[in-house]
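Here is a small set of exercises to work through with the model open in your viewer. Try each task yourself before you read the solution below it.

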Amino acid sequence: MTAIHIENVSKVFEARGATVTALDGIDLQVRAGEFLVIVGPSGCGKSTLLDLIGGLATPSAGRILVAGQEVTGPGLDRGVVFQQYALLPWRTAQGNVEFGLEAKNVPRRDRAARAGEYLDLVGLSAFHDRYPHELSGGMKQRVAIARSLAFDPEVLLMDEPFAALDAQTRDGLQDELLRIWERTGKTVVFITHGIEEAVYLGQRVAVMTSRPGRIKQVVDVPLTARSATEDLRSDPEFAHYRHEIWSLLRDEVDKARAAELKEVARV
Ligand SMILES: Nc1ncnc2c1ncn2[C@@H]1O[C@H](COP(=O)(O)OP(=O)(O)OP(=O)(O)O)[C@@H](O)[C@H]1O
Ligand SMILES: [Mg+2]
């Protein structure tokens, strides 16, 4: 099991002659085997933070350690599901899921079997030979999810992976992800805009401030046996945590809106 240490991390972008501070002094410890959810207003730097953990960008200050090693680039220990599906257009659904397994030197026959298994998990067996342009947005995202699960990394970094899916598919995949997490002890960092989704999935929920992104508060969500409880979402305890996170977020979303309006007025 793998822990992630985020130590005083900042990220500054230079764009169109302006400087944007996306993240400002983020300190966050993700425990080994933890399911941590991050919520925050749009533009507060959630995707930026995930990119930094994934090694797809480098911090302007501070550092990130994964299993005690400083992150200097992408690695096979970390799998990323992006906010926008990132599939290889020249490969079928099956070929895209197999792609990650090739990097891990899984033998060809096992690759096909494992890819099939995970396509089945996301309900896309019948579409295994379709190319990305022949799939809907939600289907593409499901292929991307299947790919990262089949690849079986120690750390799963997921950026609003279920946002483009219909409610039934989303609920099903949430439960499946929880089962996989419980079974494998992966460390999961999961970004969402959905407060219910955050409470349902997260052992802890980190609420970020509006830009520049900081950690406002980390809320413990000690709901036991999530996937075993019949109707967890209507539990009073569930409502309690939902309200707590909603309140924390509301102030930040208001601030983000005000800042956006000011920016628009300046243009
Ligand atoms: N490559 C880049 N160049 C310049 N600015 C960037 C770049 N990437 C992100 N930003 C800026 O950094 C800030 C944070 O962006 P980021 O995508 O991390 O936000 P987010 O919290 O994921 O938002 P959303 O919830 O809408 O996905 C935004 O102001 C964005 O415009
Ligand atoms: Mg984002």
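Among contacts in the chain between residues at least 6 apart in sequence, 70% join residues at least 24 apart. Keep that in mind as you go, and remember that this is a predicted model.

**Exercise 1. Overall build**

Task: Find how many helices and strands the chain has, and work out how its radius of gyration relates to the globule rule.

Solution:
- Step 1. Start with the secondary structure: the chain holds seven helices and ten strands.
- Step 2. Turn to the radius of gyration, which is 19 Å, while the globule rule gives 18 Å for 267 residues. The two values are close, so the chain is as compact as a globular protein of that length.
- Step 3. Add the extents: along the principal axes, the C-alpha trace spans about 55 × 50 × 40 Å.
- Step 4. Finish with burial: 40% of the 267 residues count as buried.

**Exercise 2. Two domains**

Task: Describe how the chain is divided into domains and which residue classes domain 1 presents to domain 2.

Solution:
- Step 1. Domain 1 is made of 4–77 + 156–175 + 187–266, and domain 2 covers 84–152.
- Step 2. Their C-alpha centres are 26 Å apart.
- Step 3. At the contact, eight residues of domain 1 meet nine residues of domain 2. The side belonging to domain 1 has six nonpolar residues, one polar and one charged.

**Exercise 3. The nonpolar core**

Task: Identify the residues of the largest nonpolar core that touch the most other members, then follow Ile-53 outward.

Solution:
- Step 1. The largest nonpolar core has 69 residues, and those touching the most other members are Val-39, Ile-53, Tyr-118, Ala-146, Val-189, Val-205 and Ile-245.
- Step 2. Helix H4 (residues 137–151) contributes the most to this core, with eight residues.
- Step 3. Both domains take part, since domain 1 and domain 2 each supply at least three residues to this core.
- Step 4. Now take Ile-53: beyond its neighbours within four places in sequence, Ile-53 is in contact with Ile-4, Ile-64, Val-71, Leu-157 and Val-189.

**Exercise 4. Around the ligand**

Task: Say which elements build the shell around ligand 1 and how its residues divide by class.

Solution:
- Step 1. Ligand 1 is surrounded by 14 residues, of which the closest are Phe-13, Ala-22, Lys-46, Ser-47 and Thr-48.
- Step 2. At least two shell residues come from each of strand S1 (4–15), strand S2 (18–30) and helix H1 (46–54). H1 gives the most, with three residues.
- Step 3. By class, the shell has five nonpolar, seven polar and two charged residues.

**Exercise 5. Buried, partly exposed or exposed?**

Task: Classify Leu-56, Ala-239 and Glu-160, and place each in the chain.

Solution:
- Step 1. The cut-offs are 20 or more other C-beta atoms within 10 Å for buried and 12 or fewer for exposed, with partly exposed in between.
- Step 2. Leu-56 sits in the loop between H1 and strand S4 (61–66). Leu-56 has 17 C-beta neighbours inside 10 Å, so it counts as partly exposed. Leaving aside neighbours within four places in sequence, its contacts are Asp-51 and Pro-74.
- Step 3. Ala-239 belongs to helix H7 (residues 236–266). Ala-239 counts as exposed because it has 12 C-beta neighbours inside 10 Å. Its C-alpha lies 8.9 Å from that of Glu-196, 43 residues away in sequence.
- Step 4. Glu-160 lies in the loop between S7 and helix H5 (167–184). With 20 other C-beta atoms within 10 Å, Glu-160 is buried.

**Exercise 6. Backbone details**

Task: Locate the cis peptide bond, and then look at the phi angles of Asp-152 and Glu-160.

Solution:
- Step 1. The cis peptide bond joins Arg-211 and Pro-212, with omega about -5°. Pro-212 lies in the loop between strand S9 (204–208) and strand S10 (215–220).
- Step 2. Asp-152 is not a glycine, yet its phi is positive, about 60°. Asp-152 is in the loop between H4 and strand S7 (155–159), and it is partly exposed, with 18 other C-beta atoms within 10 Å.
- Step 3. Glu-160, also not a glycine, has a positive phi of about 45°.

Methods: Residues are numbered from 1 along each chain as its sequence is written. Chains are lettered from A and ligands numbered from 1 in the order in which they are written. This is a predicted model: local features need pLDDT of at least 70, side-chain atom pairs count only at pLDDT 80 or more; totals for chains, interfaces and linings use all residues. A residue is near a molecule or strand if its C-beta atom, placed from the backbone, lies within 6 Å of it. Helices (H or I, at least four residues) and strands (E, at least two) are DSSP runs, numbered from the N terminus. Ala, Val, Leu, Ile, Met, Phe, Trp, Tyr, Cys and Pro count as nonpolar, Asp, Glu, Lys and Arg as charged, and the others, Gly among them, as polar. A nonpolar core is a set of buried Ala, Val, Leu, Ile, Met, Phe, Trp, Tyr and Cys residues joined through C-beta atoms within 7 Å. Domain bounds come from an automatic or database domain assignment. Two residues are in contact if their C-beta atoms, placed from the backbone, lie within 7 Å. The radius of gyration is taken over C-alpha atoms; the globule rule is 2.2 Å times the number of residues to the power 0.38.
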